[in-house]
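Biologist: Please give me a close look at one part of this model, the aromatic rings, and then walk me outward from there. I work at the bench, so plain language and clear cut-offs would be welcome.

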Amino acid sequence: MTERPFEALGLSPDADRAYSLLVSTRGVAAGELARQMAVPADRAQAACGELAARGLARRGHDGRWYPVPPHAGFRPLLSHAQEQLRLGRELLDRLDAEYQRVHESHRAEEAVQVVAGRAAIARRVAEVQGAASREVTAFVPGSAAAPRGAVAAGVPRRVVFERAGLEAAGAFGPPGDPLTAVRVTGRLPVRLEIADGRVALMPPPEAEGPEPVMLVVLAGPLLDALTALFGVVWAGSVPLGRRPDVQQPRSALRLRVLGMLASGSTDAAMARSLGVAVRTVQRHVAAMQREAGVDNRIQLVWHAARHGWLDELPDGRPDGRPEGDVRRPSG
């Protein structure tokens, strides 16, 4: 039991102690109660008066103080306290709903803004790009051109295009621009541009009506999620070079490995067809990946297709073998 068992019911510390002492006696005078409580007599008398006013004690004809039975005395007080708690919870729920309406929606408006109209969208794009100082990143789905604006000189850019929109890659920076890195992927989830990781633009589709709408996402969980999404898609996309590639797999063996890789052959199948060890095939594939500056075989095939490596395959066959040439592996 705590030192103040009835504190929640509104009893003062003296009344709280006095009731417990009254319960353990068969009536006690105020002076004796004061001695037991180690307080002046007037404080003990005041505590008893408080208990009497709350219906928890009574004064007998003999002048002594007696307690009212606990259940009879405290049940009304407990019922009242429980009702007050219920009303308090209801009030708390109403206040919380009002807080959400006023404050949370206000924060949402601060985190996501809506820009309507082509002229307003163009102004906001130019404003955001012009303020960028570290990096601009973008998703460009379909055949749309990358968003262009007043990007400050010297600010690097990373852009991911969809395969269907490869020909639009030149729309974002001039060919050979050392500050612009371009990659391609199969499909993009949204049109997006992020400046310095502090603001994201979600422009409308190119075919949207005369009053398009663009979302502007400011600092918050949604911006963090969009930034993380760009990082994941970028890591899994195929790099595209913008300058003529002088490092091409000139050897006939590498061209045949590349052709069979493009057709989906396994390392073991390539080794059997070429009459070499599996490790030899893997070594040539790894060397071509290094020369192309890519991280995996899928990216290597895309790089080869983009830069014409596959055009050099003998007789135009994807596996590098002429018609009817069925070579059996040695050993």
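Modeller: Let's begin with a term: a residue is buried when its relative accessible area is under 20%, exposed when that area is over 50%, and partly exposed in between, using a 1.4 Å probe and protein chains only. Phe 230 counts as buried because its relative accessibility is 2%. Trp 234 is buried too, with a relative accessible area of 11%.

Before we go on, please keep in mind that this is a predicted model, where local features need pLDDT of at least 70 and side-chain atom pairs count only at pLDDT 80 or more, while totals for chains, interfaces and linings use all residues. Residues are numbered from 1 along each chain as its sequence is written, and side-chain values use heavy atoms, leaving out hydrogens and water.

Phe 230 and Trp 234 share helix H6 (residues 221-235), where they sit 4 residues apart, about one turn of the helix. Helices here are DSSP runs of H or I with at least four residues, strands are runs of E with at least two, and both are numbered from the N terminus.

Now for the rings themselves. A pair of aromatic rings is described by the distance of the centres and the angle of the planes. Rings of Phe, Tyr and Trp (its six-membered ring) pair if their centres lie within 6.5 Å; planes under 30 degrees apart are stacked, those over 60 are edge-to-face, and the rest are tilted. That rule gives 2 aromatic pairs. Phe 230 and Trp 234 form a stacked pair, because their ring centres are 5.9 Å apart and their planes meet at 20°. Through ring pairs, Phe 139, Phe 230 and Trp 234 are linked into a cluster.

A charged residue joins the picture at Trp 234: Arg 158 lies over the face of its ring, 5.1 Å from the ring centre. For this, NZ of Lys or CZ of Arg must be within 6 Å of the ring centre and within 35 degrees of the ring normal.

From the rings we can step to the strands. Strand E5 covers residues 157-162 and is mostly covered, with 5 of its 6 residues buried. Strand E4 (residues 136-140) pairs with E5 in the parallel sense, over 5 bridges; strands pair if DSSP finds at least two bridges between them. One bridge matches Val 136 with Arg 157 in E5. E5 also runs parallel to strand E6 (residues 180-185), joined to it by 6 bridges. Glu 162 stands opposite Thr 185 in E6.

Further along the chain is helix H7 (residues 252-262), another mostly covered element, where 8 of the 11 residues are buried. Among these are Arg 254, Leu 255, Arg 256 and Val 257. Helix H8 (267-274), H9 and H10 are included in what covers the buried residues of H7. After H7 comes Gly 264, which has a positive phi near 95°.

In helix H10 (residues 297-306), the buried residues are Gln 299, Leu 300, His 303 and Ala 304. Seen down the axis of H10, they fall within an arc of 135°, so they line one face of the helix. The arc is taken from the directions between the helix axis and the C-beta atoms. Leu 300 lies 9.7 Å from Ala 286, C-alpha to C-alpha, with their positions 14 residues apart in sequence. Ala 286 belongs to helix H9 (residues 278-292) and counts as partly exposed because its relative accessibility is 31%.

Finally, some context for how far to trust each region. pLDDT is the predictor's confidence in each residue, from 0 to 100. The protein averages 77, and 75% of the residues score at least 70. Among the elements, strand E7 (residues 192-195) has the highest mean pLDDT (93) and strand E10 (residues 238-240) the lowest (67). Over residues 242-246, pLDDT stays under 50, and the model has 15 contacts there beyond four places in sequence; a contact means heavy atoms within 4.5 Å. Residues 315-331 also stay under 50, with 23 such contacts. Taken whole, the protein has 10 helices and 10 strands, and buried residues make up 38% of its 331 residues.
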